[in-house]
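Subject: The structure I promised you

Hi,

Here is the structure I said I would pass along. Have a look at it first, then read on for what turned up.

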Amino acid sequence: MRAIALIDGEHVPEVVSDALAELPYDWAGAILVGGTEKLRGRAEYGVPLVDDFGDAELVVDLSDEPVLGPGDRFRWASRALAAGLPYVGADFRFDPPRFEEIAVPSIGVIGAGKRVGKTAVAGHIASLAARDRDVVIVAMGRGGPREPELVEQPPTVTDLVELSRTGRHAASDHLELAALTGLRTVGCRRAGGGLAGRVFVSNVLDGAHLAAEREPDLVVFDSSGTAVPPVAVDRRVLVVGARHDLDSYFGTYRRLISDLVVSIGCELPGAIPARLELRPLEQLAGRVAVFTAGPADVAGLDADIVHVSHKLGDRLALAGELERIDADAYLVELKGAAVDLVAEHALARGARVVLAANDVVADGLDEALLALLPEAVRA
């Protein structure tokens, strides 16, 4: 197997050259990543010194502390994985996630973590493209259906409550996207996620093919947490939040495989800053309780706000809050326990349930997103 070695000047060159000769690889070359302590003039390693991975099929890390610490190694591993190459060391190995081609133009939205605004951005892209295109959204989540599920009509609160009463997770991302965008969505599930975003088990590929059978102009893939849909999309958008370091661990990998970075609620180098604005899908009246999965600015809501909760992801705390609430309308993001706890609580008391969208607001974002649309779907 053709391999590139990462070497450093903290090792005596003879030690490195002997190691290269002993290891079972066809060396395309070596990259000197730093260190000069044991270098005397021009060192010979028996292989050419190069600046990139070239035609290698594998990256072998023969360096060590202090030249490459853990952070540096993750950055080199990110570069290798982004190039489609495994990255191996003395006691570790990282393999690049595998992506399968689909037969329709596509854009994926991935994230640096959970609840950074990925679904809001995916919905924004889909709605933007749907102005003059036929768009299908594929969403994967940890509570998705056993078989990929096509949703062709926006579900109502009544629909979601009925679904929840069957034992289903009625706040899955595909249901949220269908309700908020009015577009066709395909719901999928996944279990587990690796450091670079590979999923252990999922039905996303089946969902991708289900979407492709509809022959849309564009498929938008919404991810889950830090997991990456196993689909070879034409373009990717990375969504990050204020608590994420864009270059920590495999954040570098996610950045390298993305065409655009959107930072929600913060400003980061190389990213388009954006904010989320909570918007009710219906007119609010009376006393209003607001339920979200994370911090949200309610100052722009034209309503008499009597309670604000950010506990949709914390069922025990949310249940305690609900017992103390007296409101005429419950404005709720379709996340976490929005249906089986909040909606059921509201309906049992004769209160209205209004779904909330998160509008993505940013200067220049729409222009940047439109520029990512594959040529095949341009108007």
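Below is what was found, starting with the whole chain and ending with a few odd spots.

One thing before you start: this is a predicted model.

**The whole chain**

The chain has 379 residues, and 51% of them are buried. You'll find 10 helices and 18 strands in it. Along the principal axes, the C-alpha atoms fill a box of roughly 80 × 45 × 40 Å. If you take the contacts between residues at least 6 apart in sequence, 71% of them join residues at least 24 apart.

As for the outside, the accessible surface is about 17400 Å², and carbon and sulfur atoms account for 48% of that. The chain carries 38 positive and 57 negative charges, and the mean positions of the two sets are 3 Å apart.

**An open sheet**

Start with the sheet made of 5 strands. Its order is β2-β1-β3-β4-β5, it is open, and its pairing is mixed. At the edges sit β2 (26-32) and β5 (93-94), each of which pairs on one side only. Next to the β2 edge, β1 (residues 2-7) runs parallel to β2, with 6 bridges between them. If you want a pair to click on, Ile-7 has Leu-32 in β2 as its bridge partner.

**Around β11 and β12**

Now go to strand β11 (residues 218-222). How many of its 5 residues are buried? The count is 5 of the 5, so the strand is largely enclosed by the rest of the structure. Both of its faces are covered: Leu-218, Val-220 and Asp-222 are buried on one side, and Val-219 and Phe-221 are buried on the other.

Which strands pair with β11? β6 does, running parallel to it over 4 bridges, and Val-109 stands opposite Asp-222 there. β7 (residues 135-141) is also a parallel partner of β11, this time over 5 bridges. In that pairing Val-135 stands opposite Leu-218.

From β6 you can carry on to β12, since these two pair in the parallel sense as well, over 5 bridges. β12 is largely enclosed by the rest of the structure too, because 6 of its 7 residues are buried. Leu-238 in β12 is a handy residue to select: Ile-110 stands opposite it, and Leu-238 in turn stands opposite Val-261 in β13. The link from β12 to β13 is again parallel and has 5 bridges.

**Helix α10**

Near the end of the numbering is α10 (residues 365-372), where Leu-365, Leu-369 and Leu-372 are buried. Why do these three count as being on the same side of the helix? They cover an arc of only 55° around the axis, which puts them on the same side of α10. The cover over the buried residues of α10 includes strands you have already met, among them β6 (106-111), β12 (235-241) and β13 (260-264). Also on that list are α3 (118-129), β14 (272-280) and β18 (352-361).

**A few odd spots in the loops**

Some backbone details are worth a zoom. Most residues other than glycine have a negative phi, and most peptide bonds are trans. Here are the places that depart from that.

- The peptide bond from Glu-65 to Pro-66 is cis, with omega near 0°. Pro-66 is in the loop between β3 (58-61) and α2 (70-82).
- Arg-115 is not a glycine, yet its phi is positive, about 55°. You'll find Arg-115 in the loop between β6 and α3, where it is partly exposed with a relative accessible area of 35%.
- Glu-215 also has a positive phi, near 50°. Its loop lies between α6 (204-213) and β11. Is Glu-215 buried or exposed? It is exposed, because its relative accessible area is 65% and the cut-off for exposed is over 50%.

One last loop residue is Glu-267, between β13 and β14. Glu-267 is exposed, with a relative accessible area of 67%. For a sense of distance, Glu-267 and Pro-97 are 170 residues apart in sequence, and their C-alpha atoms are 29 Å apart in space.

That's the tour. Shout if anything is unclear.

Cheers

Terms used: Residues numbered from 1 in each chain as written. Predicted model: local features only at pLDDT ≥ 70, side-chain atom pairs only at ≥ 80, totals over all residues. Heavy atoms only, no water. Pairing = 2+ DSSP bridges. Buried < 20%, exposed > 50% of the residue type's maximum accessible area, 1.4 Å probe, protein only. Contact = heavy atoms within 4.5 Å. Areas by Shrake-Rupley, 256 points an atom, 1.4 Å probe, with all protein chains shown as cover. Lys, Arg positive; Asp, Glu negative; His and termini not counted. Charge placed at Lys NZ, Arg CZ, Asp CG, Glu CD. Arc of directions from axis to C-beta.
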